[in-house]
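Welcome aboard, and please have your viewer ready. We will go from stop to stop, with something to select at each one.

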Amino acid sequence: MRVYASKFSSGIPLGGLGTGSIEIWPDGSFKEWLIFNNRKWSNYGEPEFYVNDSDLAFMIRIAPEGSEPLVRLLKTGFWVETDQDLTYRGCGPSAVIHPYHMPWFRPVREIEFTGKPPMAILKFIDPSLEEHGVGVELEAFGSLIPGNVNDSAIPAAFLKFNLVNKGRTTVELSLMGVMRNPHRINEGAGVVNKLIEGEGYSGVSFNGLSIPKTHGMFNGELALVIMGGFDSAATLRLNQRNRGEFINALRRLMVDFRGDGLLSGVTNDEAYGVDLYSALTKSIRLKPGESASIVFIIAWYYPNHIDNDGELIGHYYENLFRNIKGVLDYSVKNFNRLYSDVKDFVNSLYDTNYDEWIIDLASSQLTTLPKSTWLTKDGYFAIWEGGPGCCGLTTLDVALWGIVGVALLYPDLAVKVSRQFSGFILKPGMSPFYELFALAFPENMRLYREALAKDPTIQHDVEKFRSTVRAIVEKTGLDPTGRVPHAFRASESSVDGYDRNDLMPEFILLSLLNYYWTGDSLFLRDIWGSVKTVIEAMLRQHNEAKLNLPYHTPPSGYEGSSQVANELGRG
């Protein structure tokens with residue numbers, strides 16, 4: 001889909017399976033950073049965002065032979081939050097860069113944005129670029145590669161800036177990326193920016209100090225690097241509470257960058273009470289007709305993924321990489337292959353005879369994979385039903401129609417979903433759900449009330465309560481065994497309830513669909529016992545008319561059993 005930057009409410013998420021994501025929007029900004037095990041990606045509750053629109057920005061310096069250099073922000077609109085356009089205004093403590101002071105710096109006029117998940121292509125358009133014959137394009141992507149779970153689970157976003165000189169004179173181009181350390185989560189947390197480098201890259205890593213062990217950022221790290229290594233770097237201490245000081249520091253940074261495309265200053269720093277920003281630059285010289293690319297990589301490593309039950313479940317990428325340096329080493333070494341595989345995937349989607357708007361509708365569903373998936377250290381795979389933190393994880397009825405795409409791209413993950421539900425088919429011992437749904441049969445409840453009238457202590461003795469319910473089930477044959485859960489509750493070990501009878505045939509259909517799409521007979525044999533149990537449960541619990549068709553009889557429907565089970569289950 002091709003649009004021009006204006007007012008939009010979403011972009012393309014960059015990231016991998018279960019890694020969390022960063023969205024790049026049509027205005028060139030980076031939003032919705034869900035890489036820190038933060039809500040709502042990790043759990044229910046109010047959103048937690050530790051990076052805002054102005055915390056990462058890119059600029060280009062253009063220095064044609066015989067002309068004064070100028071700088072353009074590779075974004076439309078504002079850079080620094082709450083300020084007017086960075087090139088205007090200037091008075092008192094809220095001053096921003098003034099056109100009379102810095103007329104050579106401003107945002108690009110517009111951006112042509114083409115969204116082809118998992119890739120976004122941004123073409124930057126500005127009169128100054130056209131005047132000097134400079135073409136600037138960004139290909140931003142995450143490494144979602146069909147059939148390759150490991151490469152699709154790399155916690156990184158790749159930013160490939162393609163530069164071309166279409167003019168008649170040689171031009172020097174310099175790119176600068178500026179990033180704020182996001183680990184200052186409260187006034188007591190410190191931040192550390194330090195050099196990180198390896199074969200074929202260098203940049204800055206961002207860490208935090210005094211972060212609680214229960215926080216998603218604990219023991220985590222973020223990095224911004226340039227392939228081939230940066231030409232210069234600088235780390236700045238900026239106090240955003242003092243707007244005048246803050247803006248003047250940005251002015252000095254931009255003046256320094258404009259001079260020769262290089263920065264002066266330290267790379268490593270540690271601070272409490274103020275923010276740390278780091279800037280990296282890379283320059284190239286292009287003769288007429290020449291082109292080149294500069295690749296930035298944003299990588300992250302946040303192992304402290306804690307689920308709704310308080311269990312540390314981690315990330316699958318911990319099995320692939322020991323730390324963030326491992327992520328970068330692999331990403332840089334394999335960049336050309338990863339880029340080629342992603343491009344081939346995108347091209348295969350769009351190289352068809354369908355109208356492009358139809359392809360857009362289909363390919364847009366791919367954004368769910370980096371945005372809403374979990375892939376934990378032990379291999380548990382799940383997808384949020386309604387976006388991060390909404391509803392449940394891998395809600396069964398939604399999974400039934402949504403699993404086709406997963407099975408097509410990652411068949412090994414698709415069969416995991418059936419296996420995971422198979423492990424939670426209701427059976428005796430799964431309290432309190434088993435007892436609640438046993439008593440949802442009217443006949444069982446009648447006998448329970450009779451037993452309670454004879455011995456009121458049943459309701460105060462858990463073991464007596466369970467044995468009483470079990471004896472009633474054996475007498476009536478009205479057994480809830482075989483019921484299927486609705487969704488997982490932000491955890492791989494707890495579900496939300498068993499009150500819908502439609503979930504039973506849906507589990508069977510889901511498992512059959514996964515078998516047909518994957519041809520994995522071993523998977524089907526492994527869960528065959530669960531499939532038979534569910535079929536028998538349907539015929540036992542919902543076949544009063546003896547037509548072998550599921551019928552809406554208790555225990556089913558939203559009669560409140562789910563909510564009761566949720567409350568009891570929390571205790």
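How much space lies in the largest cavity? About 60 Å³, in what is a predicted model. The structure holds two cavities of 30 Å³ or more, and the largest one is our opening stop.

**Stop one: the cavity lining**

Select Gly28, Phe30, Leu56, Ala57, Phe58, Leu73, Leu74, Lys75, Leu122, Phe124, Leu138 and Phe161, and you have the residues that line the largest cavity. By character, this lining divides into 10 nonpolar residues, one polar and one charged. Now colour by strand: strand 5 and strand 9 (119-125) each supply at least two of the lining residues. The largest share, three residues, comes from strand 5.

**Stop two: the sheet around strand 5**

Keep strand 5 on screen and add its sheet. Six strands form this open sheet, in the order 7-6-5-12-18-16 and with mixed pairing. Which strands stand at the edges? They are strand 7 (105-107) and strand 16 (232-238); each has a single partner strand, so one side of each is left without a neighbour in the sheet. Look across the strands and you can follow a twist that averages 20° from one strand to the next.

Next, narrow the selection to residues 56-64 and 171-180. These are strand 5 and strand 12, which run antiparallel and are joined by nine bridges. For one bridge in detail, pick proline 64, whose partner in strand 12 is valine 171.

**Stop three: two cis peptide bonds**

Select proline 117 and proline 118. A cis peptide bond joins them, with omega at about 10°. Proline 118 lies in the loop between strand 8 (110-116) and strand 9, the strand that also supplies residues to the lining of the largest cavity.

Then move to serine 431 and proline 432, joined by a cis peptide bond with an omega of about 0°. Here proline 432 sits in the loop between helix 9 (411-422) and helix 10 (433-438).

**Stop four: two positive phi angles**

Select cysteine 391, in the loop between strand 21 (381-383) and helix 8 (396-409). Its phi is positive, about 65°, although cysteine 391 is not a glycine.

Finish at alanine 490, in the loop between helix 12 (462-476) and helix 13 (503-518). Alanine 490 is not a glycine either, yet has a positive phi of about 50°.

Switch on a surface for both: is alanine 490 buried or exposed? Alanine 490 is buried, with a relative accessible area of 0%, whereas cysteine 391 is partly exposed at 44%.

Technical notes
Residues are numbered from 1 along each chain as its sequence is written. This is a predicted model: local features need pLDDT of at least 70, side-chain atom pairs count only at pLDDT 80 or more; totals for chains, interfaces and linings use all residues. Side-chain values use heavy atoms; hydrogens and water are left out. Two strands pair if DSSP finds at least two bridges between them. Helices (H or I, at least four residues) and strands (E, at least two) are DSSP runs, numbered from the N terminus. Axes are lines fitted to C-alpha atoms, for helices over the stretch in contact, and angles run from 0 to 180 degrees between N-to-C directions. On a 1 Å grid over the protein atoms alone, a cavity is a set of points where a 1.4 Å probe fits but cannot get out, and a pocket is an open set with protein on both sides within 12 Å along at least five of seven lines; lining residues have an atom within 4 Å of a point. Grid points are joined across faces, edges and corners, and a volume is the space filled by probe spheres set on the points. Ala, Val, Leu, Ile, Met, Phe, Trp, Tyr, Cys and Pro count as nonpolar, Asp, Glu, Lys and Arg as charged, and the others, Gly among them, as polar. Buried means under 20% relative accessible area, exposed over 50%, partly exposed in between (1.4 Å probe, protein chains only).
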